[in-house]
Structure formats: structure tokens, C-alpha cells
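Here's a short set of exercises to work through with the model open beside you. Try each task before you read its solution.

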Amino acid sequence: MATEIQKKERTAEIEGITIYGLAHGMWELFGDSSFATTGVIGQLLLDRMEQEAGLEINGEAPEHILTELVRLFTDEADMIHGGSATIQGDRIFFSSHRCSFSDGSNALSETGVQPFYCPIYNLTTAAMRARLDKRSRFIGRKWDEETKTCVLEIQLMQ
């Protein structure tokens with residue numbers, strides 16, 4: 001019989017495979033239209049993180065929002081092991097080191113699936129929408145295998 005640790009590991013593996021399958025299937029069915037789900041996913045994450053993980057986004061500046069999100073993903077959720085987020089013009093560059101979602105995102109990327117399901121993307125866009133009333137769109141994702149760093153590029157729109 002499996003130990004409690006083995007059961008939890010298997011459950012996490014099954015959840016990961018399920019998310020992978022759902023993301024892949026949605027992309028096959030809807031393509032870029034899959035990004036329509038990011039609003040709902042992002043708002044659910046934002047509500048949850050504000051209620052349960054101590055997310056407090058103060059101020060109206062995008063830089064303040066991004067600083068708090070990096071802190072959340074690093075210190076509260078342990079999703080990334082370091083990161084940064086910067087704004088250049090109308091673009092956000094969110095850099096995540098050793099993100100817990102990178103293996104799945106890399107595998108899906110190899111099949112052509114864009115990261116519409118990425119919690120960092122979803123929560124970042126939801127926070128910008130909720131605090132600044134700014135819509136956004138996905139521009140690209142770059143993965144550096146050597147440094148284990150993912151960089152999301154997001155465009156802020158009016």
C-alpha cells in the first residue's frame with residue numbers, strides 16, 4: 001500500500017496530467033480563443049489570493065502591482081524561486097526563475113499550445129484589469145533552459 005506521501009505525489013501527478021490534457025484539448029478546439037478563459041481564471045485566482053494568501057495590492061501604479069505579484073508567487077505561493085517584473089512602454093516583462101509550471105508549459109509549448117492557462121499570466125492580467133482598468137493581451141513566452149527562466153511578455157491596452 002502506498003504511503004501518504006506517495007498518495008499525495010500521485011494525486012499531484014494526476015492533477016498535472018489533467019491540466020495538461022485540458023489545456024491541450026482546449027487549444028485544439030479553440031486555438032487563440034482559449035485566451036477568453038483567462039479573465040475568469042485570473043479573477044478566481046485574484047479573489048482567492050486576496051482572501052487566503054495575503055495578497056494586498058496597494059497603489060495605482062503598475063509597478064506596485066507587479067512588485068506585489070512577484071512577492072506573492074515567491075514568498076506566499078512558492079511557485080517561483082525568484083523573479084522580477086518590469087514595464088517597458090506598454091509591455092510587461094514577467095520573469096520567473098524555476099517556476100513550478102514550467103515543465104508543463106514547456107511540454108505544451110512544444111505542441112504549439114500558448115500559455116493561456118498560466119497562473120502568473122492570468123493573475124497578472126486580472127490584477128491590471130481590477131486595479132487599473134487596463135485590458136491586456138499575450139505577446140509571447142520565452143524559455144531559457146540554461147537558467148530555467150521563463151519570461152512572459154504582456155501588452156497593456158487602454
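**Exercise 1.** Which residues are buried in H1?

Solution. Keep in mind that this is a predicted model.
- Step 1: apply the cut-off, under 20% relative accessible area for buried.
- Step 2: going through H1, you should land on Ala23, His24 and Trp27.
- Step 3: look for what covers these buried residues, and you'll find that the cover includes helix H4 (102–110).

**Exercise 2.** Work out what span helix H1 should have, then check the model against that figure.

Solution.
- Step 1: H1 covers residues 4–30, which is 27 residues.
- Step 2: the expected span is 1.5 Å times one less than the number of residues, so H1 should span 39 Å.
- Step 3: the end C-alpha atoms of H1 sit 38 Å apart, which agrees.
- Step 4: step just past the helix, to Gly31, and you'll see a positive phi of about 55 degrees.

**Exercise 3.** Do the length check on helix H3, then find what its buried residues pack against.

Solution.
- Step 1: H3 runs over residues 62–76, has 15 residues, and reaches 20 Å from first C-alpha to last. That's close to the 21 Å expected at 1.5 Å a residue.
- Step 2: list the buried residues of H3: Pro62, Ile65, Leu66, Glu68, Leu69, Val70, Leu72 and Phe73.
- Step 3: follow their packing, which goes against helices H2 (38–52) and H5 (119–132) and against strands E1 (83–88) and E2 (91–97).
- Step 4: after H3 comes Asp78, and its phi is positive, near 55 degrees.

**Exercise 4.** How many aromatic pairs does the structure hold? Classify two of them by geometry.

Solution.
- Step 1: the count comes to eight aromatic pairs.
- Step 2: take Trp27 and Phe35, with 6.1 Å centre to centre and 85 degrees between the planes. Planes over 60 degrees apart count as edge-to-face, and that's the label this pair gets.
- Step 3: check burial. Trp27 has 15% relative accessibility, so it counts as buried; Phe35, at 16%, counts as buried too.
- Step 4: now Phe73 and Phe94. Their ring centres are 5.9 Å apart and their planes lie at 75 degrees, so this pair is edge-to-face.
- Step 5: place that pair on the chain. Phe73 belongs to helix H3 and Phe94 to strand E2, 21 residues apart, so the pair links distant parts of the chain.
- Step 6: check burial again. Phe73 counts as buried at 2% relative accessibility, and Phe94 is buried with a relative accessible area of 0%.
- Step 7: zoom out to the aromatic cluster formed by Trp27, Phe35, Phe116, Tyr117, Tyr121 and Phe138.

**Exercise 5.** Describe the whole chain: its secondary structure, its compactness and its surface.

Solution.
- Step 1: tally the elements, which gives five helices and four strands. In sequence order the pattern reads α-α-α-β-β-α-α-β-β.
- Step 2: compare the radius of gyration, 16 Å, with the 15 Å that the globule rule gives for 158 residues. The two are close, so the chain is as compact as a globular protein of that length.
- Step 3: along the principal axes, the C-alpha trace spans about 55 × 35 × 35 Å.
- Step 4: of the 158 residues, 37% are buried.
- Step 5: take the contacts between residues at least 6 apart in sequence; 55% of them join residues at least 24 apart.
- Step 6: finish with the accessible surface, about 9,100 Å², of which 52% belongs to carbon and sulfur atoms.

Terms used:
Residues numbered from 1 in each chain as written. Predicted model: local features only at pLDDT ≥ 70, side-chain atom pairs only at ≥ 80, totals over all residues. Heavy atoms only, no water. Helix = DSSP H or I, 4+ residues; strand = E, 2+ residues; numbered from the N terminus. Buried < 20%, exposed > 50% of the residue type's maximum accessible area, 1.4 Å probe, protein only. Contact = heavy atoms within 4.5 Å. Phe/Tyr/Trp six-rings, centres within 6.5 Å; stacked < 30°, edge-to-face > 60°. Rg over C-alpha atoms; globule rule 2.2 N^0.38 Å. Areas by Shrake-Rupley, 256 points an atom, 1.4 Å probe, with all protein chains shown as cover.
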